[in-house]
Structures are given as structure tokens and as C-alpha cells.
Amino acid sequence: MTPPRPLYRLDRNDFGILLNILKEKGYLTVGPTRRDGAILYGALESVDDLPIGWTDEQEAGTYRLKCRDDDALFGYNVGPHSWKKYLFPSKTKLWSATKKGSGFEIDRETDTPPKYAFIGVRACELHAIQIQDKVFMGGTYQDPVHAGRRRDCLIIAVNCAQAANTCFCTSMQTGPKVDNGYDIVLTEIIDKARHYFVIEAGSDRGAAIVKKLPVSPVQQTDMDAAAACVENAEKQMGRKVDMTDIKDILTRNYDNKRWAELEKKCLACGNCTMACPTCFCSNVEDITDLGAEHAERWRSWGSCFTMDFSYIHGGSVRPSIGSRYRQWLMHKLATWLDQFGTSGCVGCGRCITWCPVGIDLTEEVKAICDNEEGDPSG
Amino acid sequence: MKETSQKPKLAVWKFASCDGCQLSLLNCEDELLAVADVIEIANFPEASREVIPGPYELSLVEGSITTPHDKARIQEVRRQSKFLVTIGACATAGGIQALRNFKDVNAFIDIVYAHPDYISSLATSSAIADHVPVDFELPGCPVNKQQLLEVIIAFLHDRKPNIPHHSVCIECKQRDTVCLAVTQDIPCLGPVTRAGCGAICPAFNRGCYGCFGPMETPNTESLADELRDKGMITEDLLRLFRTYNADSPAFKMESERHE
């Protein structure tokens, strides 16, 4: 155990210095920006690119931006993007090949990503990144794209001071307080007199950056204010779901009537899997040119809601939409545990907000738990 | 370059249609010479008056069957073609002209034409596959030129074309478009429509019009229920599903629910 690192105060007006230091160190600073009616992750040139004074209201199937009555830099919840946008790009060329005589020559693609500094990573998102680390880097074979992008990536996390109606990180024990895996963590505090951050390094890299900032020591009142922010987020948590024994419950409810309800409701559009920060499935497709001189292999985001996903010789294993939703939910909450040792859900609520017909994972879990069929002991 | 006689022969046929899908092939400006390099464009009246007689290795068929004459002609096209691929919503689902299928076409003929007796028309506009066996159907109004090239390339190399059957939503997410339905309540057919266009309309702040027809296992009923809950009236729901792919079984069934 490393001893706890000291907390400091960073004035809001000095936040730009943090971005400048990161840029000087060669990082590409990316974080929340406002575009197309949502808060999305994109390049941050300056503090002004952050959605200052904006927040969001989320419900199942709806997302709206709203003005805040203060100038908070991080006064909103997670949007449609997640950091997998950078760590697991939606489309990647894996290799290409050129015809040479009677055979072909393979040109390996080398991913040369920028050194990313992620600004404003929330607790649930940090858990999602760590879950994808296990998926892509935990086994015998490492994914070079994810591993390469993750290696130099710097994480500036932010403790949530509010929660959306669709948030349920407390149920998944993934937030709202950032617990590990960060280089720096911030808590934004706005009171009548002051606007500042409580800042704490979580790594040597982070500590070296904090050292360069015009910080001042924290007082007990600052620490109390920071704790109050997280408490506020906990209180606002829009959804709660009891995940005790969820694996066993889902496993013994394979034929629950609720799946038939989902068959009627779910569009199998795949939006939940695209928005989910832990979904990692991909399609691999080979393309050739007209003259058959050149071929390329591409990887793109896949979804277990497509028929192709479970296509084996002769047809799809999961032709009904209900069976595909069940597969997705069972994997997230049950079989993920066997596969990777954690749940595949971090309680960010994206699948709820971004479902065009507002299917709510927490409601589905409750419905199944409350209406167990068959003998629960068996 | 292969000798002319060794190259497979391509024919492009037109039935009831607007020519837009054929234009997609002509639109492949950068690739057209490369296409002509590996395949002999033997019969393509939209591009050249020169017609080399069949049989043809690959026939691309645009348009739907709307007249007794075309009904007979498609049989001849099939006989002359080793592979027959339909291109576009008309050839694949009857097209916008299939709106007649929901009405009495003779009533229109009497209104529109001064001499209805010259008109010889079928009661319905139907897909090519309703008349002859089809080897592959490429949807879209019009087809996407990259997808069209992919089908031609796959045919040349004896492999399955990489043409997705999933929703437009997946394309939207891959091109980083924010969901209009969720952020603005804009009615969007994306969740029930087949990908392939590149999710163009949502990227320009318009809901998906469903030009590529129903996706695999489309749940139109759930989407329509949601749109109704958000205030869409029955007449609009009917019109939403009754456009370029009105006669595709899934959209047809859904529109009939709102009659």
C-alpha cells in the first residue's frame, strides 16, 4: 500500500494551466464538449471547450441539455460517448495484403495513437476502462490496439457531484466516488464565494503534474465540501437495483415470461451495445479490390443484437429478439463474472437513456427478480 | 489486363424505376475504369448504345414489374443471366410505385390518361423476386455505390458480399452521430431500417426515411407504439411506413395496422 497522497486546492481560474501542462508534456487532451445537443468527448483546446454552465436531464429514451445556474465545468452526467471511442475505435484496419507472384505479402498495420489525456473521467467510466483492460489485455493474447492506446494514456478523473435519473452506480459499487486507477482526481466545488477543485494525485505521473500547478493546501472545510458533493450524487442516484445473487437468479430464470415481453418491446437496433462502455464485441471483415491485387482486414464494433453475431452454418443461433436481449443481459450481469471475474455493468445508465424505446435494465432485473418462475431453490 | 473474350460479361437492365440506381454505377467515377478492366460492360443502355449479346455472367436489375410486357421480359433476362442481382428499392421491394398496390390502379388510369385504352398496366408493382429466382438483393433508394461495387467485386471473386442486414443505428454510432430520437424526439426509422446508406439523414439532423427498407427482424410495432406515445398521429404513422419500401412485407404489415 502506498501512503495516501496529499490533497490540494486548485482555483477554477487556474484550471487552464492543467491543460497547458498536459499539452506541454505531449498529451492530446480530450474530454467533454457540447455538440449536437449532447455532451460528447472530443479534443479540448482550452477550458472554454468544456460544457461550462451546462447540464443534462436523462430518462429512459430521452436526453436533454439544460443550462445550469452556475458556471460548473463538470456539472453534468455521462453522455452518449464513452472512452472506448479512443481505446477501442469503432473501425480499425488490422492488416492488409498485396499479391506477390503466386502468394501474397502481408503488411502489418501499426496503430500509432496519440498520447491521450482523458479529462473528466467519472468513477463508473474508470471501472468500465478497467473492465475493458481485462477483456483486451487480461488473457494470453493482448489486443495491440487497446494495449497501445492504454499504455501512455493519462486519466484525470472527476468525482460526480450530481447523478442522472438513469444512474445506478451505487447499485453496482462503481461510484460516484472515484476509487482507483486514476492519475489525478478532481472534485469541483462551487459555493457562494469560491469556485475551485480539490485535487489529488493517484500516480507518480499525476503527482509530477500536480507539483507544477499553483495549488494550495486543503482545509478541513474543503474536504467536507468535497465529501458533500459525492453525498449529493449518491442522494440523487436516479435508479437503484438489488444485484444480490443476480447471477443465480438470472441463470434459473432462463424461461422467465419477461423475456417474451422484451421480445415485443426491444428493437434489436444495437444502440445499447454501442453506447455501453464495456461492450467489446467486434466484427472482422475482409475486403478485396476489383483486381484482387490488394486485400484488407477491418475490425468494427459489433453487436450481439444482430443476426450475424450468432450466425453459424445454416443460420443464427438467436433468431428471436427476446433471445438476443437475454443473451446481452445474461452476459452483462451473470456470465461476465465467470469470464472476467467482475460484472460487465458499471451502472452508468447509457443503455437506458440511449434506448429508442426506453428499455430500462434496472426495471428488467427487478421484474425478473420479483416474478421468479419455477423453484428458486432448484 | 484480361482479353475481352475472357472477361465476365455484365448487363444492366431497367424496369419500372427512376434510373437512380443505374446512375449510382455511373457515379463510381474513380472506380469505373477499374470495373471495365475486369468485367466487360456488355449491355448497359444508360451508358452505351453498343450492346453485346448475352448470355451474361452478371445481370444487375433495376426497377419493379408493373406491366405485362415487363413480366415477360424479366423471364428472358433471367434466362440470359448466370447471376441476377436486383439493385434498389424498386427491384427489391416494388419501389415508391408500389403505393398503387394499396389502391385500385384502374381508378388512377382513368383520371391521369386521356386515352386509358392505350395503357397496359398490372394491378401491382412487384419486386423482381416475385417473378424469377434472384441471387442477391441490394436494397436502397438509391443503392449505395460502395455497396454496389462490393457486390460486383464479391461476384468476381466468388465470395459473399459484405452487406450488413442490421439497423441504421449501428451506422449512426460508428460515424458518431448523436441519436435524434433520444435528444430531440425526431421520428426516425433508423431502428427498423437496414444499414447501408452510411446513415446520411441523421447526420444532417433528419430522421431516417427508411430508404433501405426493413432490416433483419424489424420490430416496427414497438417503434410505432413509441412514436404514437410521443404524439405521432395515425395518418402520419401510415405515411411513415409507406414510402420507397411500402410493399416490403414488414413495412406493409406495419402501415396496414394504421389504416
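Q: What do the buried residues of helix 3 of chain A pack against?
A: In this predicted model, they pack against helix 2 (84-87), strand 8 (116-121), helix 4 (144-151), strand 9 (154-158), helix 5 (169-172) and helix 11 (321-340) of chain A. Contact here requires C-beta atoms within 7 Å. The buried residues include Cys124(A), Leu126(A), Ile129(A) and Phe136(A). Polar names are on the list too, among them His127(A) and Gln132(A).

Q: How do you know that the end-to-end span of helix 3 of chain A agrees with its 15 residues?
A: Take 1.5 Å times one less than the number of residues. For residues 123-137 of chain A, that gives an expected 21 Å. The end C-alpha atoms are 21 Å apart, so the two values agree.

Q: Why is Asp245(A) called exposed?
A: The limit for exposed is 12 or fewer other C-beta atoms within 10 Å. Asp245(A) has 12, so Asp245(A) is exposed. The residue lies in the loop between helix 7 (220-236) and helix 8 (246-251) of chain A. Its phi is positive, near 60 degrees, and it is not a glycine.

Q: Is Ala268(A) buried or exposed, and what makes it so?
A: Buried. Ala268(A) has 29 other C-beta atoms within 10 Å, and the cut-off for buried is 20 or more. This residue also sits in a loop, between helix 9 and helix 10 of chain A. Phi of Ala268(A) is about 55 degrees, positive although the residue is not a glycine.

Q: Why is Leu7(A) called partly exposed?
A: Its count is 19 other C-beta atoms within 10 Å. Buried needs 20 or more and exposed needs 12 or fewer. The count falls in between, so Leu7(A) is partly exposed.

Q: What is Leu7(A) in contact with, leaving aside its neighbours within four places in sequence?
A: Val198(A), Glu200(A), Val218(A) and Met223(A). Val198(A) is 191 residues away along the chain, yet the two C-alpha atoms are separated by 6.6 Å. Leu7(A) itself lies in strand 1 (residues 7-11) of chain A.

Q: Why are strand 7 and strand 13 of chain A said to stand at the edges?
A: Each has a single partner strand, so one side of each is left without a neighbour in the sheet. The sheet is open, with four strands in the order 7-6-14-13 and antiparallel pairing. Its twist averages 20 degrees from one strand to the next.

Q: How do you know that strand 6 and strand 14 of chain A pair?
A: Pairing needs at least two bridges. These strands have seven, in the antiparallel sense. One example is Trp95(A), whose bridge partner in strand 14 of chain A is Arg297(A).

Q: What do strand 4 and strand 5 of chain A form?
A: A hairpin, with two residues between the strands. They pair in the antiparallel sense over six bridges. Trp54(A) stands opposite Cys67(A) in strand 5 of chain A. In the turn, Gly61(A) has a positive phi of about 80 degrees.

Q: What makes strand 2 and strand 5 of chain B edge strands?
A: They belong to an open sheet of five strands, in the order 2-1-3-4-5 with parallel pairing. Strand 2 (40-43) and strand 5 (136-138) of chain B each pair on one side only. The twist averages 30 degrees from one strand to the next.

Q: How many bridges join strand 1 of chain B to strand 2 of chain B?
A: Three, and the strands run parallel. That passes the cut-off of at least two bridges. Leu10(B) has Ile41(B) as its bridge partner. Helix 6 (residues 145-156) of chain B packs on the sheet, touching strand 3, strand 4 and strand 5 of chain B.

Q: Where does Pro142(B) lie?
A: In the loop between strand 5 and helix 6 of chain B. A cis peptide bond joins Cys141(B) and Pro142(B), with omega about -5 degrees. Chain A has a cis bond between Gly175(A) and Pro176(A), with omega about 5 degrees.

Q: Which residues of the largest nonpolar core have the most contacts inside it?
A: Phe118(A) and Ile156(A), in a core of 167 residues. Helix 6 of chain B gives the most to this core, with seven residues. Contacts of Phe118(A) include Val30(A), Trp83(A) and Ile156(A).

How values were computed
Residues are numbered from 1 along each chain as its sequence is written. Chains are lettered from A and ligands numbered from 1 in the order in which they are written. This is a predicted model: local features need pLDDT of at least 70, side-chain atom pairs count only at pLDDT 80 or more; totals for chains, interfaces and linings use all residues. Two residues are in contact if their C-beta atoms, placed from the backbone, lie within 7 Å. Axes are lines fitted to C-alpha atoms, for helices over the stretch in contact, and angles run from 0 to 180 degrees between N-to-C directions. A nonpolar core is a set of buried Ala, Val, Leu, Ile, Met, Phe, Trp, Tyr and Cys residues joined through C-beta atoms within 7 Å.
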